[in-house]
Amino acid sequence: MKQLTGIGDRIGPITLYDVDGGRVELDTLLDTPVVVPLVRYYGCMPCKAFLQELEDLREDFEAAGVHVAAVGGAADYQARHLMDHGIGYPLLLDPGHTLYQALDVHRIRWWMMLDPRTWWKYLSAARRARQGRVTDHPLQAPGLAIIDADRTVRLLHRGRTLGDYPPAEHVLEEARRLVRSRT
């Protein structure tokens, strides 16, 4: 049985794509630690709300010496729309889910759609986002990682239900702690 990727593990080289179809090697993003939210798809209402929360803190992340770059499936038009409407960090595409697989962020069980936490995430997100067209598997779990310059995983959160992300402020504190531990 394969052991799940964990904190301190290094992931292999990963190829992602920008919204124009250009190849983006993960290593090219890793001049500093990078906060990488893995969205279900860029039209997911709780995912869009979380991306906006990270955008609200983007200057704080950058001041701490950490970048943000989100990863989603293959819906370039949804990513482009978000970038055109306020998300100022890169929204990258992973049509083969290679980064999701490297971090063991897979699908949730269908019955989690009935979980009250799922409904709460959607209701909470309704203040900031609207649901878009489902462009990836509807049960794809969300996730978040902080990946260091040498591809070492420093923080890893695998969503247990739709919209399950750690609080953005907690992610910022973990990013600051990571950078402080180096000095």
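Contacts between residues 24 or more positions apart make up 75% of the contacts in the protein with a separation of 6 or more. The model is predicted, and the protein contains seven helices and eight strands. Of its 183 residues, 50% count as buried. The accessible surface amounts to about 9,200 Å², with 54% of that area belonging to carbon and sulfur atoms.

**Nonpolar cores**

- The largest nonpolar core comprises 30 residues, and those with the most contacts inside it are Val35, Tyr42, Leu51, Phe61, Tyr89 and Leu91.
- At least two residues of this core come from each of α2 (45–56), α4 (76–84), β6 (91–93), β7 (143–147) and α7.
- Helix α7 makes the greatest contribution to this core, supplying five residues.
- Leu91 touches Val19, Tyr42, Leu51, Ala70, Ala79, Leu82 and Met83, when residues up to four places away in sequence are not counted.
- A second core, separate from the one above, has 24 residues, including Val36, Val105, Ile108 and Leu156.

**Strand β7 and its surroundings**

- Five of the five residues of β7 are buried, so this strand is largely enclosed by the rest of the structure.
- In a regular strand, side chains alternate between the two faces of the sheet.
- In β7 both faces are covered: Gly143, Ala145 and Ile147 lie on one side, Leu144 and Ile146 lie on the other, and all are buried.

**Strand pairing**

- Strand β3 (residues 34–38) runs antiparallel to β7, and five bridges join the two.
- Within this pairing, Val35 stands opposite Ile146 of β7; Val35 is also listed among the residues with the most contacts inside the largest nonpolar core.
- Strand β8 (residues 153–158) likewise pairs with β7 in the antiparallel sense, over five bridges.
- Here Ala145 stands opposite Leu156 of β8, and Leu156 is one of the residues of the second core.
- The hairpin of β7 and β8 has five residues between the strands, and Arg151 in this hairpin takes a positive phi near 70°.

**Helix α7 and Arg177**

- Arg177 is located in helix α7, which spans residues 168–180.
- With a relative accessible area of 42%, Arg177 is partly exposed, because that value lies between the 20% limit for buried residues and the 50% limit for exposed ones.
- Arg177 and Ala64 are 113 residues apart along the chain, while their C-alpha atoms are separated by 9.2 Å.

How values were computed
Residues are numbered from 1 along each chain as its sequence is written. This is a predicted model: local features need pLDDT of at least 70, side-chain atom pairs count only at pLDDT 80 or more; totals for chains, interfaces and linings use all residues. Side-chain values use heavy atoms; hydrogens and water are left out. Helices (H or I, at least four residues) and strands (E, at least two) are DSSP runs, numbered from the N terminus. Buried means under 20% relative accessible area, exposed over 50%, partly exposed in between (1.4 Å probe, protein chains only). A nonpolar core is a set of buried Ala, Val, Leu, Ile, Met, Phe, Trp, Tyr and Cys residues joined through side-chain atoms within 4.5 Å. Contact means heavy atoms within 4.5 Å. Two strands pair if DSSP finds at least two bridges between them. Accessible areas come from the Shrake-Rupley method with a 1.4 Å probe; for residues, only the protein chains shown count as cover.
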